[in-house]
Amino acid sequence: MDKPPKISEMQVQAVPVEVLPPAPAEAANPPSDRAPIHALSALLLVAVDSLWAVFDWAPPIWIVAIPFCFAAVFVPTYLIQRNLKHDSRARALTFAMIWGVLAASPLPITGTPVGLGLLAWTGLGKLIGRPSPK
């Protein structure tokens, strides 16, 4: 290869550019992104639920720990669902109540298969950085 390849002489053609209108707002939020619980609410449940590893060995502390864990999950979950997920008041209250009861139960649920399935259903994988399927 002593010689460089020859480039044939062609006439340059202009290509028309097609400008499309902006995509509708629904395309920005695909329907597959419809997890019922916001991922931050699920992360909050995991954080508070992990506290039960400490409280398991001290049942007298449960008198304070159960209401504290309920309130620590109920209030932020309601606010997250209402403001970030844009749920109605009743729907946000329902999810906050369920999450609060799960956090207040004196058993760590996130380590069980049921708890892991529940958290997977909420879309917690978005915070971990899992690539979304196309």
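Helices here are DSSP runs of H or I at least four residues long, numbered from the N terminus.

**Figure 1. An overview of the chain, helix after helix.** Welcome to this predicted model. Reading along the sequence, you meet the pattern α-α-α-α-α-α-α, which comes to 7 helices and 0 strands. The chain has 134 residues, and 26% of them count as buried. Its exposed surface is about 10,200 Å², with carbon and sulfur atoms supplying 70% of that area. Take the contacts between residues at least 6 apart in sequence: 68% of these join residues at least 24 apart.

**Figure 2. A close-up of the largest nonpolar core.** In soluble globular proteins, nonpolar side chains tend to be buried together. The largest nonpolar core of this model has 14 residues, and Leu45 and Trp99 touch the most other members. At least two residues of this core come from each of helix H2 (39–49), helix H3 (52–55), helix H4 (62–83) and helix H5 (89–104). Which residues does leucine 45 contact, leaving aside its neighbours within four places in sequence? They are Trp99, Leu102, Ala103, Ile109 and Leu119.

**Figure 3. Helix H4 and its buried face.** With 22 residues at 1.5 Å each, H4 should span 32 Å, and its end C-alpha atoms are indeed 31 Å apart, which agrees. Look for Ala65, Cys69, Val73, Phe74, Thr77, Ile80 and Gln81, which are buried in this helix. Viewed down the axis of H4, the buried residues fall within an arc of 145 degrees, so they line one face of the helix. That buried set packs against H2, H3 and H5. Turned away from the buried side is a face of H4 carrying Ile63 and Val64, both exposed.

**Figure 4. A closer look at glutamine 81.** This residue sits in helix H4. Is glutamine 81 buried or exposed? Its relative accessibility is 0%, and buried means under 20%, so glutamine 81 counts as buried. A polar atom of the glutamine 81 side chain lies 3.2 Å from the backbone oxygen of proline 36. Proline 36 is also one of the residues in contact with glutamine 81 once neighbours within four places in sequence are set aside. The others on that list are Ile37, His38, Ser41, His86, Asp87, Ala92 and Phe95.

Definitions and conventions:
Residues numbered from 1 in each chain as written. Predicted model: local features only at pLDDT ≥ 70, side-chain atom pairs only at ≥ 80, totals over all residues. Heavy atoms only, no water. Core = buried A, V, L, I, M, F, W, Y, C linked by side-chain atoms within 4.5 Å. Buried < 20%, exposed > 50% of the residue type's maximum accessible area, 1.4 Å probe, protein only. Contact = heavy atoms within 4.5 Å. Expected span 1.5 Å × (residues − 1). Arc of directions from axis to C-beta. Polar contact = N/O pair within 3.5 Å; in protein donor to acceptor, adjacent residues only side chain to side chain. Areas by Shrake-Rupley, 256 points an atom, 1.4 Å probe, with all protein chains shown as cover.
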